[in-house]
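This briefing covers the fold, the ligand shell and one strand pairing. Please read it alongside the sequence and the coordinates.

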Amino acid sequence: MSVTDTPLISLRAASFGYADRRVVDGVSLSQGRGEVIALLGPNGSGKTTLVKGLLGLSDHLGGEVLLFGTPLARFRDRPRIGYVPQRHSLSASVRATVREVVEVGRLTRRPWWRPAGTADATAVDEALDAVGLRDREREDVSALSGGQQRRVLIARALAARPDLLVMDEPTAGVDAANQRILADVLSALAARGTSMLIVTHELAALHEVVTRIVCMDGGHVDYDGTPRDYLATHRGHEVGDGHHHHDAPDGPGARTPGMAAIAGDPLPPREVHHG
Ligand SMILES: Nc1ncnc2c1ncn2[C@@H]1O[C@H](COP(=O)(O)OP(=O)(O)OP(=O)(O)O)[C@@H](O)[C@H]1O
């Protein structure tokens with residue numbers, strides 16, 4: 001297998017959890033370069049625990065986990081995986097400009113004592129362009145909407161030029177118009193070949209971006225295939241986790257659109273964007 005064929009992530013019978021509590025149990029999954037995987041499943045099925053496991057933020061409790069071919073325990077090249085955490089918005093109590101927040105993404109790419117150079121500035125410019133916020137770079141992040149702040153966080157992750165972008169519910173809590181903008185941002189990244197692993201309850205918003213669907217239930221993977229096959233086998237059910245929802249009536253799943261949306265019903269109109 002050549003280096004370029006090495007999967008970005010490769011899990012064999014992998015388990016993750018917290019201390020001795022096994023939440024993700026015996027999952028086998030590998031992601032190739034350029035793939036955009038939507039990780040679906042009901043609340044509590046272990047999606048976040050799985051992606052946190054890849055980042056060393058939950059405990060690896062068994063099985064094999066390779067990141068870019070290197071066993072998780074020996075993996076040191078953390079900046080290769082960009083992470084946009086769940087339900088994270090930027091604190092209103094800290095004053096920082098959009099650009100300053102994105103610049104933080106570069107810190108993992110240089111020693112702490114070296115000041116930012118032109119390569120850092122270029123990476124920040126590109127990340128801001130990728131999310132369509134270059135023209136807002138001097139603004140205070142607290143002045144931005146929730147959806148725009150989510151884009152700032154995506155830019156922060158992109159600034160490190162990761163090989164894999166892991167996002168936990170990037171569209172949750174964002175209104176329909178801004179979901180559309182976020183989906184466009186992710187589509188543009190996908191068109192550039194960015195590999196993504198996206199935990200989501202809102203497949204309808206992202207269906208144009210996703211190349212593969214992995215569905216979890218009770219800590220296991222119970223579906224892994226193309227969006228087309230997923231649609232065929234799950235027709236009549238709600239997208240993602242709607243049919244399993246049990247513990248978060250006001251959570252993101254509560255807004256999960258039905259199958260009709262992914263099957264081609266029109267999405268909400270695009271937001272007209274001013275400056
Ligand atoms: N830090 C933690 N310590 C102990 N248990 C945890 C921790 N974080 C999550 N869990 C438990 O792990 C289980 C799976 O949670 P996880 O967040 O991975 O699910 P999820 O599929 O991402 O759910 P959601 O769709 O609600 O985000 C839950 O039962 C949760 O209580």
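The chain has eight helices and ten strands, and the model is a predicted one. Of its 275 residues, 42% count as buried. Among contacts between residues at least 6 apart in sequence, 71% join residues at least 24 apart.

**Ligand shell**

- Eleven positions are listed in sequence order here: the ligand is surrounded by Tyr18, Arg21, Val23, Gly41, Asn43, Gly44, Ser45, Gly46, Lys47, Thr48 and Thr49.
- Two or more residues of this shell come from each of β2 (21–31) and α1 (47–54).
- The element that gives the most to the shell is α1, with three residues.
- By class, the shell residues divide into two nonpolar, seven polar and two charged.
- Tyr18 and Val23 are in the shell and count as nonpolar, while Arg21 and Lys47, also in the shell, count as charged.
- Among the polar residues around the ligand are Gly41, Asn43, Ser45 and Thr48.

**The β9–β10 hairpin**

- Strands β9 (residues 212–217) and β10 (residues 220–225) run antiparallel and are joined by five bridges.
- One of the paired positions is Cys215, whose bridge partner in β10 is Tyr223.
- Two residues lie between β9 and β10, and the two strands form a hairpin.
- Gly218, in the turn of this hairpin, has a positive phi of about 55°.

Conventions:
Residues are numbered from 1 along each chain as its sequence is written. This is a predicted model: local features need pLDDT of at least 70, side-chain atom pairs count only at pLDDT 80 or more; totals for chains, interfaces and linings use all residues. Helices (H or I, at least four residues) and strands (E, at least two) are DSSP runs, numbered from the N terminus. A residue is buried if 20 or more other C-beta atoms lie within 10 Å of its own, exposed if 12 or fewer, and partly exposed in between; C-beta atoms are placed from the backbone. Two residues are in contact if their C-beta atoms, placed from the backbone, lie within 7 Å. A residue is near a molecule or strand if its C-beta atom, placed from the backbone, lies within 6 Å of it. Two strands pair if DSSP finds at least two bridges between them.
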